[in-house]
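Dear colleague,

I am passing on the structure we spoke about, and below it you will find my notes on what turned up in it.

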Amino acid sequence: MKPFITGHEDLVHDVVYDFYGRHVATCSSDQHIKVFRLDRETNEWQLSDSWKAHDSSVVGLDWASPEYGRIIASVSYDKLVNLWEEEPDAEECSGRRWTKLCTLNDATGPLFSVKFAPGHLGLKLGAIGNDGTLRIYEAMEPSDLRSWTLTSEVKVLPSPPASHLQSDFCLTWCPSRFSPEKLLVCALDQALIYQKDKAGKPYVAAKLEGHTALIRSVSWAPSVGRWYQLIATACKDGKVRIFKLTETLGASEDAMSVDQDEDADADAGSADTSADTPPELKVELVSESDDHHGEVWSVSWNLTGTILSSAGDDGKVRLWKASYSNEFKCMSVISAEQK
């Protein structure tokens, strides 16, 4: 690993890779977004384009699933969600390679986090900020990416935090194709899992307990080959926590599933039943570590959900992996200091 110069003129708030890991986007308090591409010959990150994206600090970014094109969503303290689309024919570093598709302006406070849903759920995104409200938007017509609809608005906090107090908000979607739509929302020191009821309205299905300070980051692991889900959080209290999430079906649903398995259209029927009757969720804390000896700012799983990376105030990236006894141990420590 080696550092590269972003060229931002202020604090960098977010760094996000695209699906293929060949491009990385950064955002900063200098109100700019920068996109870098990986030069395969030199293995160096080269600036592809840079542009002013908001009228205040840009604090969150995300790439849409590649099946919907080259799209980036950004959020800022200016209370706006902006969506950007790449113009591949535009000259690099011209400031015109990324054009604004639209602006979503329903928030009443600074925004902290934006995340696109997994591609199999359609082109939708969630955003949350200091007004304590989760908003979910969807592009109803994928052929018209300039038109988005606010489909859900959920009060996560009864009232916004006081402006003089430090706050943080983040969210992540469940990436599994074999599980009903869910997303985890962290507001201050609360971590809530939302899923939809029979009427399609989001409700709190489970909570991640144990946080004693602001939750800085959250990551939902891809469940490759596992019958359960893993979720990691980074907290101001200095802890990296890993939670195990299991889904349990009611007795009536089990019986219906058995009957449907005997039918030729069992797969479709089972999917409909799952959507009508959300499973009950059980959350268990399986790991809690304070190896960073200070505030933990970020956590992220690899593509197979087997290795977790965390970064903290100690200036180090730590890699975590489960042992044969399913205990998560720190397997590697990477220093952020340039040698």
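UniProt positions are given here in the numbering used for this chain, with feature names shortened, and such annotations may be inferred rather than shown by experiment. On that footing, the unreviewed UniProt entry places the feature "repeat: WD" at residues 51-85, 208-245 and 289-321. The model is predicted, so that local features need pLDDT of at least 70 and side-chain atom pairs count only at pLDDT 80 or more, while totals for chains, interfaces and linings use all residues. Residues are numbered from 1 along each chain as its sequence is written, and side-chain values use heavy atoms, with hydrogens and water left out.

Residues 51-85 are 0% helix and 54% strand, with end C-alpha atoms 13 Å apart, and residues 289-321 are 0% helix and 58% strand, their end C-alpha atoms also lying 13 Å apart (helices, H or I of at least four residues, and strands, E of at least two, are DSSP runs numbered from the N terminus).

The largest nonpolar core (buried Ala, Val, Leu, Ile, Met, Phe, Trp, Tyr and Cys residues joined through side-chain atoms within 4.5 Å; buried means under 20% relative accessible area with a 1.4 Å probe, protein chains only) has 21 residues, and Leu 83, Phe 116, Leu 125 and Trp 148 have the most contacts inside it. Apart from this core lies another, of 18 residues, among them Ile 136 and Tyr 194.

In strand 13 (residues 169-173), five of five residues are buried: Phe 169, Leu 171 and Trp 173 point one way, Cys 170 and Thr 172 the other.

Best regards

Conventions:
Buried < 20%, exposed > 50% of the residue type's maximum accessible area, 1.4 Å probe, protein only.
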